[in-house]
Amino acid sequence: MISRVMSAELAEHAGQRVTIAGWVHRRRQLKSVSFLVVRDRTGLAQVVAGGDLPAEESVVHVTGTVTRNPQAPGGVELTEPLVEVVSEPVEPPPFDLYRPVVPATLPTVLDHAPVALRHPLLRAPLEISAASVAGFRDTLAGLGFTEIHTPKIVASATESGANVFGIDYFGRRAYLAQSPQFYKQAMVGVFERVFEVGPVFRAEPHDTVRHLAQYTSLDAELGFIADHEEVMAVLREVLAGMLESVRHRAAGAVAALGARLPEVPAEIPAVHFTEAQRLTGEDEPDLSPAQERWLSDWALREHGSEFLFVTGYPMAKRPFYTHPDPARPGYSNGFDLLFRGLELVTGGQRLHRYDDYVRALDGDLAPYEGYLRAFRHGMPPHGGFALGLERWTARLTGAANIRQTTAFPRDLHRLSP
Ligand code: AMO
């Protein structure tokens, strides 16, 4: 094969003979002329072809002359082509991948994900995810954070015992990690500032549009803070950096989906939990999804912000590692971030003294022995947060279901593909 030219760069080669490679996105046999549309990772290229055309989703190399044609995508097409079929499909795709709108329901798309995701509109959320993660990494690296990788097979539940997957580990009881919480805290003792991008597991018994049994958690943790507000300030920078990266790295996907990207205010508005209860007129110890939606609408109305921090959740509703508010000990130095009606991030300040952990765990230390070792050897005041990548992408793209933003979702019913 002559060195390969990508479809997006064809116009730079007008008049030359070049080779492209990709999949037959569409074949169109008209009366006087036939076209092949070839799809590669950068887009589509039109080929003016004669004779029999290979089936859709065939993998092809096409060598042809780059010829200007204002009507072709990108203003050029390949003429006088030599088409070599590299790999032929065994069966047609489950639906026409070339239709501008996806002509299939979500279950059909998910059942056929390895091929369905080739549709440009189904691929687009994954491009936005990838760009978001790149922005997360860039921003935190720029702020002196070190990327870490922690075990996903662990000895104890981190968040609550209720939704943890138990597994057999060489004959011992073990669990799939619900979060990297304990390890990221321990690593503050090593690097001061750390982050992780990784899978986490929740045996969610609910079949909802916002819960998965495995999702990608974007975690950060930092030491030497005064309180949770410093964590919130870092999170603000991270959100801005993620959006900046999406604008640059995934502009095509954003345009294809018509996604409206939010502004991140210089200071994201915050309400205390008790104030949120007063505003919504309810006094349950947690916020319901309806309250989260109401508060998001309120933040947009009152502060022109699509993001809202709710701070100071009751200690009773937060995990044992949560630091109380020194001024109001029944309430925490913890926060949630709501984005477009949904909880996107949880975070806060943590306990950092060994004796505080002994009290918080009520003496039941055995399952946490490994974790607690960090605190026996001096830990600075610290805190952090975790952002659910699929929820973020769903909210950015307007996807009604979180399953539209992950290639191979895992839920109550889905273990394959
Ligand atoms: P939490 O359990 O609130 O906090 O999770 C953090 C964020 O992860 C996302 N999320 C989910 N996304 C998809 N499917 C699920 N089943 C699911 N569960 C949670 C949400 C949520 O805001 N260790 C703490 C974080 C911290 O304090 O640093 C934790 O895991 O977007």
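**Notebook: S7 and the ligand site**

I began with S7, which is buried in this predicted model, since its relative accessible area is 9% and buried means under 20%. I then looked up where S7 sits along the chain, and found S7 in the segment before β1, the strand that spans 17–29. Next I asked which side chain makes a polar contact with the side chain of S7. The partner is T42, whose side chain is 2.9 Å away in that contact.

I turned to the ligand and noted that the space taken by the ligand is the largest pocket. Three elements give two or more residues each to the shell around the ligand, namely α4 (181–191), β17 (342–349) and β18 (382–388). Of these, I marked β17, because the largest share of the shell, five residues, comes from β17.

I went on to the residues themselves: there are 23 around the ligand, and Q181, E343, L344, T346 and R350 come nearest. By kind, the shell residues divide into eight nonpolar, seven polar and eight charged.

For the polar side chains I wrote down three distances. T346 has a polar side-chain atom 2.7 Å from an oxygen atom of the ligand, and R202 has an N or O atom in its side chain 2.8 Å from a ligand oxygen atom. With E204 the ligand atom is a nitrogen, which lies 3.0 Å from a polar side-chain atom of that residue. My last entry concerns cover: on its own the ligand has 630 Å² of accessible area, and the protein covers 93% of this area.

Terms used
Residues numbered from 1 in each chain as written. Predicted model: local features only at pLDDT ≥ 70, side-chain atom pairs only at ≥ 80, totals over all residues. Heavy atoms only, no water. Near = heavy atom within 4 Å. Polar contact = N/O pair within 3.5 Å; in protein donor to acceptor, adjacent residues only side chain to side chain. Areas by Shrake-Rupley, 256 points an atom, 1.4 Å probe, with all protein chains shown as cover. 1 Å grid on protein atoms, 1.4 Å probe; cavity = no way out; pocket = protein on both sides within 12 Å on 5 of 7 lines; lining within 4 Å. Sits in = over half its atoms within 2 Å of the grid points. Helix = DSSP H or I, 4+ residues; strand = E, 2+ residues; numbered from the N terminus. Nonpolar A, V, L, I, M, F, W, Y, C, P; charged D, E, K, R; others polar. Buried < 20%, exposed > 50% of the residue type's maximum accessible area, 1.4 Å probe, protein only.
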